Amino acid sequence: MKPKVFITRQIPEAAIRKLEETCEVAVWKYEDIPVPRDVLEKEITEAHGLFCMLTDSIDAALIQKANKLKVISNLAVGYNNIDIEAASEKGIKVTNTPGVLTETTADLTFALLMATARRITEASDFLRAGDWKTWSPMLLTGQDIYNRTLGIIGLGRIGEAIARRAIGFNMNVVYHNRSRKPEAEESIGLTYVSMDELLQTSDYVCIMTPYTNETKNLIHAEHFKMMKENAILINTARGGIVNEKDLYDALINGEIWAAGLDVFEEEPVPLDHPLLTLPNVVTLPHIGSASISTRSIMAEVAASDLLKAVNGETPVHLVNP
Ligand code: NAP
């Protein structure tokens with residue numbers, strides 16, 4: 001009998017075909033509706049492989065029902081949506097897709113940084129609304145990027161890729177991690193600083209840590225007070241790392257200048273969210289790694305590791321060794 005695989009969203013066809021060669025595959029077909037909990041509960045009891053997304057909450061209660069499951073393959077590098085401990089206790093392997101999305105996510109982060117600094121979405125809306133009556137010297141003036149300081153909190157794969165782009169833009173780049181990266185310091189030209197120094201000296205603060213118990217609410221009111229008045233916060237990591245209420249207050253009180261957000265505590269972000277009312281907040285619907293090519297590669301990587309685990313082999317990107 002073929003092993004059963006459940007895929008929680010439509011994914012690129014090639015990855016589905018690959019899984020279908022050796023597995024019985026079921027796919028949740030509704031693009032715009034996340035798989036309902038009761039469907040997931042039913043599918044997980046029978047599945048040997050679960051191919052899921054960051055929008056699926058794979059918690060301990062769900063994992064308890066998974067008596068045949070060998071692997072949870074997450075189409076993302078972050079895996080904060082999965083209870084890793086509960087999966088490990090049941091001997092279920094968890095895999096992710098690191099590396100293949102690094103450059104694409106760094107591109108998006110840099111695009112968001114530039115769009116926020118130069119008020120691109122605001123300017124586009126201004127023109128389309130018919131407000132462009134005349135040109136004036138200070139119309140929609142923003143912040144420079146070249147010669148400014150970028151502070152990266154969480155200099156991992158994506159952080160380094162952002163740093164390389166920033167150096168190309170003639171920026172000064174500082175970073176903070178729990179551990180230093182001497183190789184990156186030397187090869188890219190970065191400076192390690194304390195978190196306080198990074199916040200006090202950076203014109204751009206970019207969050208790039210994983211979302212963990214330690215990074216939950218990592219950036220809050222006290223930190224915004226340390227930042228420069230012209231500073232811009234960019235978050236393409238995870239929503240819960242930045243305290244959204246404190247960010248709103250900091251923007252309203254002029255403690256910082258603007259923010260660019262690809263991620264939110266609650267996703268999709270509710271349309272009445274206070275941050276969406278501010279013109280100096282550029283928002284995106286969690287599209288960091290969303291290029292056609294990268295999403296296809298991510299699906300292939302996730303499918304390949306899922307098959308390895310189902311066949312009793314060790315996946316390449318095992319989160320819970
Ligand atoms: P990574 O290579 O593991 O890098 C994460 C970095 O964060 C590491 O260098 C780590 O260094 C640092 N870090 C961890 N905890 C920290 C803390 N408490 N304080 C300061 N630094 C800390 O991961 P990555 O591939 O670059 O991805 C990073 C995150 O980006 C992912 O976990 C995911 O949530 C997010 N992401 C979002 C999108 C999107 O679509 N918006 C796309 C891809 C990834 P130390 O261990 O030395 O501290």
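Student: Which residues is Ser202 in contact with, leaving aside its neighbours within four places in sequence?

Tutor: In this predicted model, Ser202 is in contact with Thr149, Leu150, Gly151, Val174, Lys228 and Ala231. Contact here requires heavy atoms within 4.5 Å.

Student: Why is Ser202 called buried or exposed?

Tutor: Buried means under 20% relative accessible area. Ser202 has a relative accessible area of 0%, so Ser202 is buried. Its place is in the loop between helix H9 (195-201) and strand E9 (204-207).

Student: What makes the approach of the Ser202 side chain to the backbone oxygen of Leu198 a polar contact?

Tutor: The cut-off for a pair of N or O atoms is 3.5 Å, and one atom must be able to donate a hydrogen and the other to accept it. The side chain of Ser202 reaches the backbone oxygen of Leu198 at 2.7 Å. A polar atom of the Ser202 side chain also lies 3.4 Å from the backbone nitrogen of Gly151. Both distances, 2.7 Å and 3.4 Å, are therefore within 3.5 Å.

Student: How do you know whether Trp132 is buried or exposed?

Tutor: Exposed means over 50% relative accessible area. Trp132 has 53% relative accessibility and therefore counts as exposed. Trp132 is found in the loop between helix H6 (120-128) and strand E6 (149-153).

Student: Which residues make the nonpolar surface patch of about 420 Å²?

Tutor: Leu127, Trp132 and Trp135 make this patch. Residues of a patch must have over 30% relative accessible area, and Trp132 stands at 53%.

Key. Residues are numbered from 1 along each chain as its sequence is written. This is a predicted model: local features need pLDDT of at least 70, side-chain atom pairs count only at pLDDT 80 or more; totals for chains, interfaces and linings use all residues. Side-chain values use heavy atoms; hydrogens and water are left out. Patches are made of residues with over 30% relative accessible area and no salt bridge: like charges are joined within 9 Å, nonpolar side chains (Val, Leu, Ile, Met, Phe, Trp, Tyr) within 5 Å. Accessible areas come from the Shrake-Rupley method with a 1.4 Å probe; for residues, only the protein chains shown count as cover. A salt bridge is a side-chain nitrogen of Lys or Arg within 4 Å of a carboxyl oxygen of Asp or Glu. Helices (H or I, at least four residues) and strands (E, at least two) are DSSP runs, numbered from the N terminus. Buried means under 20% relative accessible area, exposed over 50%, partly exposed in between (1.4 Å probe, protein chains only).
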